[in-house]
Amino acid sequence: MRYLTSIRLLLIIPITFLITLLEPDAAHNATFFEKEKPKEITDTNKYKPLAEIDTDGDGLTDDIDEDDDNDGIPDLYEDGCEVNTAFGTPPSSLTSTNYVTSIYTNYNSFWASSVGSLNPTGYDNVSELLAFKVGSETYATGVGASVMIDSDGNGLYDSMDTDGDTTGDVTLEETTWTALRPVTKIKSGIRLEGRAIDGNTSNAVGPQLTSGGIPFNPYLYEGERGLDMGYAIANIDNAWYFRLGGANTAAYGDGEMDILLTQGAQLGSGLNYNRLHLLDEDGNYLGNGVEVNWNNTPVVGNSNVDQYNVNDSSSGRNQKKNIRLAAVELSEFGLTPAERAIAVIFRLEISANADPIFFVVNDKSFITACTPQDTDGDGIVNSLDLDSDNDGIYDAIEAGHGQALVDGRLTGPVGTDGIVNSIQATGQYDNGTINYEIKDSNNDNILDFLSSDSDADGCNDVLEAGFLDGDDDNYLGTSPLMTNSWGVVTGQGGYTTPRDGNGNNVPDYQEFSSAPSILTAPQDTVIFDGNSGYISITAANTTQYQWQISTDGGTNFSDIVDTTTYSGIETATLGIHDTNLNFDGLLYRVIILNEGYVCSTYVTSEIAQLSIRVKSVITNKRITYRIKKE
């Protein structure tokens, strides 16, 4: 997704915002580049808005397409929107009391509930938030419905028809809101799902989206603008950091709410809170924090949900849950004018019993700085680059979704979010979610498609994939490189099935390995004439053995072939059979190799000498001398 003609003022993560592209002429010509460290594209003056361009040809322009290159990796991840580094201890927080007192949703066409006048029917299905009231103001969220009215035709809802007479009876603030999309993997907790969403109100049989280690994340941004209240997540207990471009000065202290927080389950004992902080680019906290204490927040409605564990097994059926919402105004952070300009990181902390439905921001309250990333420095931003790290492996392969590709791209039906349906759960084709976990082989928060050494074993992905890196710079081939308009390196090979040296169906670049090593070397061995004996080695990180023999005192060695004389020639133990005195003095060694680690070649063991002894010698004086093994 690229920068719109007029940059929308969103907070950090929503994919429905932003990102610039190359100029059309640059995007359709091959690019030469010098090898340099990954960089951010910051000179946006040289880029043009691309609201009219559909880069991947899927029928959606890049300004609304959430996967601009159709590689199956949402732009959210390719643009590196979330900060992976935790910062120091945050300052204390002031408590916000901007409680939401009324909510309006599209459940069963229209549903409303207010503090002190709770709707007796708790919603149990899809229920997108249409509007909410804080103080004396009611805010439109931007979600469309028959009850929402745009009387002045400016594209924003200014009133709502709550009594069905086609005339607006509730005045609305003309605002639009969007749910945040955290990248941090949410892999603990309990999913709360409207009991009727699965079509079965008697049993909990929800969609299989989180099983197999898939994170809970998608449940925080379901539906239009991510505002489906039919889902929540309990027991997260985490802190997330997002990139910002600063707070909108005009929104600071204007009395209009800027952040909306939600609590979608029964409160547990002890602390129940969300805490928010703003930081500069160096991680210094600015102003004060803002805390929403859910214990003091009034119930504004109820829902009926089924509960699911992280493996999709049921943990409860038809459970009634209280709904609480609270808002925050930018001025509550106590920022000076100078601090407002440098607030570029947003911290969100969730206590264990703070159970979110979604996290939402006013689209005009924050300036995004989710700057398009160009990891390999080839002049093509990651969200348009089919090989973002120039390792010769398509991003779609490294992501791990396992779908068939044509020249590094997915094909097949695409919904209104621009993401190919084959990597989305059934019924979730249009909300920007994916049904797999993007691969991070070494769990270092650098996804494989952006990492030059995905398994952190010291051998770069280019080599482990079975390709050439002539100048050892972690990029495919030898400099200078040329890339095509999709960021794919040309004329240097690559882009075939990555190597799996040990044949275990895990590509070498995603499987940590090491050079082979000898723990116990072969030892000199004595065998009695006519008998069998063995020479062994103990090795680590070894998949292949080859024993060799020298008949000329060690000047030359040759591979031993499998005959009746030798066994185990490709194992850790060499068997030598039917020996005679001609074997005396022969030399043996073994070559070992780790087929899953191409950055080291074979290792040759020390030499072991074979000595042949007869079991007994009978003299002409009838005296028997037995020669024992030395």
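# A walk through the model, starting at Asp124

Select Asp124 and Arg195 to begin: their side chains make a polar contact of 3.1 Å (a pair of N or O atoms within 3.5 Å; within protein, one must be able to donate a hydrogen and the other to accept it, and residues adjacent in sequence count only if both atoms are side-chain atoms). Before moving on, note that this is a predicted model, where local features need pLDDT of at least 70 and side-chain atom pairs count only at pLDDT 80 or more, while totals for chains, interfaces and linings use all residues. Residues are numbered from 1 along each chain as its sequence is written, and side-chain values use heavy atoms, with hydrogens and water left out.

**Still at Asp124**

Asp124 sits in the loop between strand S6 (111-114) and strand S7 (129-134). Helices (H or I, at least four residues) and strands (E, at least two) are DSSP runs, numbered from the N terminus. Is Asp124 buried or exposed? At 10% relative accessibility, Asp124 counts as buried (buried is under 20% relative accessible area, exposed over 50%, partly exposed in between, with a 1.4 Å probe and protein chains only). Now show what Asp124 touches, leaving aside residues up to four places away in sequence: Tyr107, Gly194, Arg195, Ala196, Ile197 and Asn304. Contact here means heavy atoms within 4.5 Å.

**Next, Arg347**

Jump to Arg347 in strand S21, which is strand 345-350. Arg347 is buried too, with a relative accessible area of 9%. Which side chains does the side chain of Arg347 meet in polar contacts? One is Tyr241, at 2.9 Å, and another is Glu349, also at 2.9 Å. Widen the selection and you'll find Arg347 touching Pro90, Ala239, Trp240, Tyr241, Arg275, Leu276, His277, Leu279 and Tyr285, again not counting residues up to four places away in sequence. Try a distance label on the Arg347 and Tyr285 pair: they are 62 residues apart in sequence and 9.6 Å apart in space, C-alpha to C-alpha.

**Into the cavities**

How many cavities of 30 Å³ or more does a search of the whole structure find? There are 2. The search runs on a 1 Å grid over the protein atoms alone: a cavity is a set of points where a 1.4 Å probe fits but cannot get out, a pocket is an open set with protein on both sides within 12 Å along at least five of seven lines, and lining residues have an atom within 4 Å of a point. Grid points are joined across faces, edges and corners, and a volume is the space filled by probe spheres set on the points.

For the largest cavity, about 60 Å³, select Tyr123, Leu192, Met229, Gly230, Tyr231, Ala232, Gly264, Ser303, Val305, Ile323 and Ile357. Strand S14 (231-234) and strand S19 (301-308) are the elements that give two or more residues to this lining. By class, the lining has 8 nonpolar, 3 polar and no charged residues (Ala, Val, Leu, Ile, Met, Phe, Trp, Tyr, Cys and Pro count as nonpolar, Asp, Glu, Lys and Arg as charged, and the others, Gly among them, as polar).

The second largest cavity, about 30 Å³, is lined by Leu180, Ile259, Leu260, Leu261, Leu276, Phe346, Leu348, Phe359 and Val360. That's 9 nonpolar residues, no polar and no charged. Strand S16 (259-263) and strand S21 each supply at least two of the lining residues, and S16 gives the most, with 3.

**An open pocket**

Now for the second largest pocket, with about 410 Å³ of space. Of its 24 lining residues, center your view on Ile397, Gly400, Lys439, Pro507 and Gln510, the closest to its centre. Color the lining by class and you get 7 nonpolar, 11 polar and 6 charged residues.

**The disulfide**

The structure holds 1 disulfide (a pair of cysteine sulfur atoms within 2.5 Å). Show Cys459 and Cys599 as sticks: S to S is 1.9 Å, and the link is right-handed, with 80° about the S-S bond. Cys459 lies in the loop between helix H4 (395-399) and helix H5 (461-464), and Cys599 in the loop between strand S34 (587-593) and strand S35 (603-604), so the pair ties together parts that are 140 residues apart in sequence. Cys459 is buried at 0%, whereas Cys599 is partly exposed at 36%.

**Last stops: backbone oddities**

Most residues other than glycine have a negative phi, and most peptide bonds are trans. Go to Ser479 and Pro480, where the peptide bond is cis, with omega near 0°. Then select Asn318 in strand S20 (314-328), which has a positive phi of about 55°. Finish at Tyr495, with phi near 65°, in the loop between strand S25 (489-490) and strand S26 (517-520).
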